[in-house]
Amino acid sequence: MKYRLLGRVELSDKKKVDLGGAKHRTLLAALLLGANEFRSVDDIAEALWDQDQPKSAHGLVRLYVHQLRKRMGQAGADLLTEPGGYVLRVGRADLDLHVFESETEQARALLAAGDHESAEARFAAALALWREPFTCRTGSPLLDRLHGPCLEDMGLAAVEGLAEAQLALGRWLPLTVRLRPLVDRFPYRERLLGQYMLALHRSGRRVEALQVFHRVRSVLVSELGIEPGKELRALMQGLLSDDTAPYPVGARHVTLAAAG
């Protein structure tokens, strides 16, 4: 039995399992986000209805758990009832989020050891687990708000790790293709932007790289009232002098939250 959280919540046993209604999918998401940990009926009810809980919320949670167990088949035995709540037992290899974490951890160790080829393969395998890149679709606005930013950050950090490996390997053209939509979507992530600029420059597209910097600076100044970080400014100076060798591709990134 395989559980999927990276994108739309799914369950499969050789083929995708019909989870039933939207509430059953949200219930499974709430259990998976706390996999192998106790989830109280109150917590689950909040995930299902947020502040608009019906008077029968606790009874409905128990009904949905019963129905979900039936749809899970044999795996339903791993959904345990405990006083006041439930625990879903999930093996690390059976949940895509856990596999992603393991793959990226190994990839970072390989990157630190200078094995860029193996690190690239590990990061690519981890990112292939995302069916809808860096979105959290649990069916619960509350769960999406609580967990979406963290999952998004994990995915983007893996992209940055992959970019670092590919920059070291000279795979500049495919890197520009991969990063282009992401820098448009996440304009505050300076590490990603710097890697994109560097890949453009090394692909012989220095003018485009300079345009990226000016566009980013305009967004940061107009929307946040700050200048780009020192790493991005250093890269800009390197582009102007046609010398980007010293640029630290592993430099920190500045996110919207950090800027605030």
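This dialogue reads several features of a predicted model in turn.

Student: What should be known about the model before reading it?

Tutor: The model is predicted, so local features need pLDDT of at least 70 and side-chain atom pairs count only at pLDDT 80 or more, while totals for chains, interfaces and linings use all residues. Residues are numbered from 1 along each chain as its sequence is written, and side-chain values use heavy atoms, with hydrogens and water left out.

Student: How many helices and strands does the protein chain have?

Tutor: Helices (H or I, at least four residues) and strands (E, at least two) are DSSP runs, numbered from the N terminus. The protein chain has eleven helices and six strands, and its C-alpha trace spans about 70 × 40 × 25 Å along the principal axes.

Student: Which strands stand at the edges of the open sheet?

Tutor: Two strands pair if DSSP finds at least two bridges between them. The open sheet has three strands in the order E1-E2-E3, with antiparallel pairing. Strands E1 (2–4) and E3 (15–16) are at the edges; each has a single partner strand, so one side of each lacks a neighbour in the sheet. Three bridges join E1 to E2 (residues 10–13), and arginine 4 has glutamate 10 in E2 as its bridge partner.

Student: At what angle do H8 and H10 pack?

Tutor: Axes are lines fitted to C-alpha atoms, for helices over the stretch in contact, and angles run from 0 to 180 degrees between N-to-C directions. Helix H8 (residues 190–202) packs with helix H10 (residues 230–240) at about 10°, the axes lying 10 Å apart. H8 is therefore roughly parallel to H10, a term for angles under 35 degrees.

Student: Which residues of the two helices meet?

Tutor: Contact means heavy atoms within 4.5 Å. From H8, Glu190, Leu193, Gly194, Met197, Leu198 and His201 meet Leu232, Leu235 and Leu239 of H10. By class, six residues of this contact are nonpolar, two polar and one charged; Ala, Val, Leu, Ile, Met, Phe, Trp, Tyr, Cys and Pro count as nonpolar, Asp, Glu, Lys and Arg as charged, and the others, Gly among them, as polar.

Student: Is histidine 98 buried or exposed?

Tutor: Buried means under 20% relative accessible area, exposed over 50%, and partly exposed in between (1.4 Å probe, protein chains only). Histidine 98 lies in helix H4 (residues 96–112) and counts as buried because its relative accessibility is 12%. Leaving aside residues up to four places away in sequence, histidine 98 touches Ala35, Asn36, Gly91 and Arg92. Across the protein chain, 46% of the 260 residues count as buried.

Notes: Angles under 35 degrees count as roughly parallel, over 145 as roughly antiparallel, 65 to 115 as roughly perpendicular and the rest as oblique.
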